[in-house]
Protein chains: 2
Amino acid sequence: MRIGELSKRTGVAVPTIKYYLREGMLPPGERTSPNQARYDETHIHRLRLVRALIDVGGLPVAKVKEVLTTVDSPSGDIEKLLGTVQRAVFPALPTSAEVEMQAAAEQEVHALLDELGWYCRDNHPALSVLATVLVSAQTLGHSGFLDTVRRYATISEQIGVADLDYIADKRGVDGMLESVVVGTILGDTALIALRRLAQVAESAKRYPDRRRPDDPA
Amino acid sequence: MRIGELSKRTGVAVPTIKYYLREGMLPPGERTSPNQARYDETHIHRLRLVRALIDVGGLPVAKVKEVLTTVDSPSGDIEKLLGTVQRAVFPALPTSAEVEMQAAAEQEVHALLDELGWYCRDNHPALSVLATVLVSAQTLGHSGFLDTVRRYATISEQIGVADLDYIADKRGVDGMLESVVVGTILGDTALIALRRLAQVAESAKRYPDRRRPDDPA
DNA sequence: GAATAATGGATAGTAGTGCTGTCTGCTTTC
DNA sequence: GAAAGCAGACAGCACTACTATCCATTATTC
């Protein structure tokens, strides 16, 4: 098919497709003449993947590029891909200004991981992100938030199991690679949405009559 | 204190503070003369909150404004605040192009909520976001993702409980209001970070020798 | 009390992101 | 052979989140 049909079938404007081609997020079509190209179903799929990562996952274009480059690499190393995808979603850690607090918080995170028996490389970005969150909460006077994070951690264990199950189910390396991407990026959005719904449901359960918690009358 | 000290103590540049004042995210200081103002600890706190929402929570300035407006309103209605905060983090649902698939997915989400016995207003944004995620996964050929979402849902129930516990612990309406904000926004980031760490840990547990899943030799 | 620095307020400018529009010279289709 | 579509290059644009400059005051310091 030509670019017009690609556009119609995906709902992505032609100039946008050209932009993605320029950026290398979409492989070039097969040439039929010096200035004509033909696209196929793989382009449709890729385009949908790009849109999903941008629209649903909220990734910036640069991160999408990064992730797709890794997906396209011939390596079947799940851990490497997992690492790249994981790196892609953290917005270049803002590492809080207070270096001491940050270091202390990272110690706390390490301790938490040890408690749980979680293996983790020292420099995983999620580690410092989590530490930064704790520092933020602390400087805002919400030091009790650490306890909630502890509860989150034990709950997250189940999420990790579900995630790895989802990946392991797939046949073939290609399918697995994409499952890592889809599961991780779309999974984030799904989880956050479910958290919202769970909060509302739990809130309704606790305070049935639109009353606020400290007004039990 | 004057604006320079406010800047020094928070690490936020003076022009940025002025910008936040203009935008109404930071209340004006107390006037000491027609063109001088004095700031206090509440300004420091507010400024830290703003930076936390932007840097750690990843909220755009407009959303921060929305959230803070609600926090500042005298209403003690937790559900209303919860709603506003929840709305703030979803980037104006991109509602997938395929209207039919979207509707079908929303039906599935409704069914899931019924199964779980979750109360939810029909128009909660998280509902359509979740449906959009499912449509995306489906059009990418990952229809099996629905099962993972089901697992996420039961897990999310525990998250909701932890979240409401965190809020209920607070004394006074003001504290509760801020706890909703901090818990929800920083909580999102914390959860995602923990999910990453859990994935790595689970991956390491399953595939100890850096081998990929389909290569058990 | 004069020089220097900082402040509030207004306005303009800037860097980055994610497209979108326009043009030219082909190619395809009718 | 006329109209439409296409590839590729490049310019432009809307939006976001600041940042810089200016000016008339006010504060501080010597």
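Which element gives the largest share of the surface near DNA strand D? Hold that thought for a minute, everyone.

First, some housekeeping. This is a predicted model, where local features need pLDDT of at least 70 and side-chain atom pairs count only at pLDDT 80 or more, while totals for chains, interfaces and linings use all residues. Residues are numbered from 1 along each chain as its sequence is written, chains are lettered from A and ligands numbered from 1 in the order in which they are written, and side-chain values use heavy atoms, with hydrogens and water left out.

Let's start with DNA strand C. It has 25 residues around it, and the closest are Thr16(A), Asn35(A), Arg2(B), Gly4(B) and Lys18(B). By "near" I mean that a heavy atom of the residue lies within 4 Å of the strand. Of the atoms of strand C that come within 4 Å of the protein, 75% belong to sugar and phosphate.

Now a few polar contacts, meaning pairs of N or O atoms within 3.5 Å. Lys18(B) has a side-chain N or O atom 3.0 Å from a base nitrogen of strand C. The backbone takes part too: a polar backbone atom of Asn35(B) sits 3.1 Å from a sugar or linking oxygen, and a backbone N or O atom of Ala37(B) is 3.2 Å from a phosphate oxygen.

As for elements, helices (H or I, at least four residues) and strands (E, at least two) are DSSP runs, numbered from the N terminus. For DNA strand C, H2(A) gives the largest share of the nearby surface, with five residues.

Over to DNA strand D, then. Here 24 residues are around it, and Arg2(A), Arg31(A), Asn35(A), Asn35(B) and Pro60(B) come nearest. Sugar and phosphate make up 79% of the strand D atoms within 4 Å of the protein.

Three side chains are worth a look on your screens. Arg31(A) places a side-chain N or O atom 3.0 Å from a phosphate oxygen of strand D. Thr16(B) has a polar side-chain atom 3.1 Å from a phosphate oxygen, and for Arg2(B) a polar side-chain atom is 3.3 Å from a sugar or linking oxygen.

And back to my opening question: the answer is H2(B), which gives five residues to the surface near DNA strand D. Other contributors of at least two residues include helix H1 (3-10) of chain A and helix H3 (41-56) of chain B.

That's the tour, so please jump in with comments!

Technical notes. A polar contact is a pair of N or O atoms within 3.5 Å; within protein, one must be able to donate a hydrogen and the other to accept it, and residues adjacent in sequence count only if both atoms are side-chain atoms.
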